[in-house]
Amino acid sequence: MGNEWVFNLYVFVLATFVGYQVISRVPPLLHTPLMSGTNAISGISLVASLLAAGSHHLISQILGFVAVTCATINVVGGFLITDRMLRMFRRKPDVPAAKLETGKRGTAS
Amino acid sequence: MNPHAPIQAVVPSPEAVATMSPTAIVLSLAYIVAAVLFILCLRGLSSPDGARRGLVLGEIGMLLAVVATLLHKDVVRYEWILAGLVLGSGIGVAISAWIPMTKMPERIAFSHAFGGLATALVGVAEYLREVDGLTYFKVGALGFETFLGFLTFTGSIMAYGKLQGVITGAPVTWKGQNFLNIGLFFGALMAIGLLVYDRSQQQVFFGIASTGLALGVMAVLPIGGADMPVVISLLNSYAGLAACATGFALNSQILIISGALDGSSGLLLSLLMSKAMNRSFANVLFGAFGTVSDPGQPAAGQAGKSYNEATVEDAAAVLMASQSVIFIPGYGMAVSQAQHAVRDLAASLERRGVDVKYAIHPVAGRMPGHMNVLLAEANVSYDKLFDLDNINDDFARTDAVIVVGANDVVNPAAKKDTSSPIYGMPVFNVEQSRSVIVLKRSMNPGFSGVENELFFQPNTMMVLGDAKKTLLSMISALKDGH
């Protein structure tokens, strides 16, 4: 038993280190998608919720059901909204094509 | 096998691997692949071009982890699972597909609440199911999990309420508040210790849960709206730590890894946000911004000064004579949903040959990256969005700056007035540009209560009113000018 949590502590420390390194490379431009993306990934508590909802114990099943619902909201909603945001981040040509009619007067100043 | 034995969610101890069934080995490998995919997903976010591809990897990882768990031998009934998955997916799609981008901080706070609640309930379920079979270590981990989960839950609900305006955005403070919060925190730690000592004490366990719920409310109450970016990042971190604690309790490495990724992301963002305000963590959490200074003082200071109130036409005339323009958006742009109007004004300036850039402060808005998302939504090319460090030297060479609903991030007091509560915060060198056009609802200093000298400088024009309306009239004034 003692070994197990030392092992888990290793995993925790290394994962935190990797996370810190990877995330420090994310530009401020993408900080909101980063937040919603990690939120979707932390929906991994779905794994634990599934184990609770799928057990024999009744109270566990009920609490697990609510937990599965909440975690699924985060997983599905988190990935969906992150993708929606990332789709918007594009490099565009200098003069936006939209609303061209307002620009027909040319560049005289 | 003892039916009450704790669930070994993922990888059993190394010695036991030798005796694992082939399916169990495949499932363990699936979790390892999922963990790698999550890391690659986050790595994709290092540039906007590869980010969507990265996200797909994350989605595959999640699917893999969920399917592997459903095949786990301890999952014996599927009806509750199915119901939860269907209901959760429905709600998840509903709150993500149509929500406007201006509501993103609220949306993020809301989802942190769900994350916290899920981990907390798993903690309660595990505790109740296995009270007698728990090891000391697992009881401790469950205690932390439940405490952090409920803390994240109520804390995020409070943050949501403040952002939504249901609860006042101003800091709510009273005497002895910090003392009480610190007391609650150490009380919870002691209770976890007590529970490890005697795991059958259910009232102690529920005491820990209630303390988490109470502390979430108490800890967010004193924090003002302008500090929300730090709070949201911090709650992100707590949600991750709660998932980690679950991983320790269930001996599940995938939970530990994902939780650690989430936790370190939240921590890093909170540190960046605190740095961008030149304040320590402790100061954000316990400082209650703005209430420190006497609220009567700023108003008195302003009364004697005069400012240039300008019309839309005056501002348009300045813009017509400009060759380079920098926009500085702030929370006010989000409030009046002016991002599209900003883009339209920028587009009509660009058609006149004006060089247009956007200066984005790390703490502009209510969450990290808030302004970037709004401008991206309005179709602004991301190579025109500049960080503080990359644009601050350009102001001296700029003809006109348009401040759209930003305040503290353009306050020169942060650079020279040692008595100002925002002294030391890195701000834009706006005052160096030839002229400054400030779009603001009124001359009211807002709830941060900090006076902004920029508004009273001779080269500053104040155009008061709703930012969106003002921008739209500026666009037509530009058109009528020629």
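Student: Which residues touch the most other members of the largest nonpolar core?

Tutor: Keep in mind that this is a predicted model. Of the 194 residues in that core, Ala65(B), Ile328(B), Val403(B), Val404(B) and Ile437(B) touch the most other members. The top contributor is helix 9 of chain B, residues 228-250, which gives 16 residues.

Student: Let's zoom in on one of those. What does Val404(B) touch?

Tutor: Leave out anything up to four places away in sequence, and you get Phe327(B), Ile328(B), Pro329(B), Gly330(B), Gly332(B), Met333(B), Ala338(B), Val342(B), Leu439(B) and Ala467(B). Ile328(B), from that list, is also among the residues that touch the most other core members.

Student: Now chain A. How many helices and strands does chain A have?

Tutor: Four helices and zero strands, so to speak an α-α-α-α pattern when you read along the sequence. Of its 109 residues, 56% count as buried. For contacts between residues at least 6 apart in sequence, 60% join residues at least 24 apart.

Student: Is Thr32(A) buried or exposed?

Tutor: Count the C-beta neighbours inside 10 Å; 20 or more makes a residue buried. Thr32(A) has 27, so Thr32(A) counts as buried. You'll find Thr32(A) in helix 2 of chain A, residues 31-41.

Student: And which residues does Thr32(A) touch?

Tutor: Again skipping residues up to four places away in sequence, Thr32(A) touches Met85(A) in chain A, plus Met104(B), Met367(B), Pro368(B), Gly369(B), His370(B), Asn372(B) and Val373(B) in chain B.

Student: How far apart are Thr32(A) and Ile73(A) in space?

Tutor: They sit 18 Å apart, C-alpha to C-alpha, with their positions 41 residues apart in sequence numbering.

Note on methods:
Residues numbered from 1 in each chain as written. Chains lettered and ligands numbered in written order. Predicted model: local features only at pLDDT ≥ 70, side-chain atom pairs only at ≥ 80, totals over all residues. Core = buried A, V, L, I, M, F, W, Y, C linked by C-beta atoms within 7 Å. Buried ≥ 20, exposed ≤ 12 C-beta atoms within 10 Å, placed from the backbone. Helix = DSSP H or I, 4+ residues; strand = E, 2+ residues; numbered from the N terminus. Contact = placed C-beta atoms within 7 Å.
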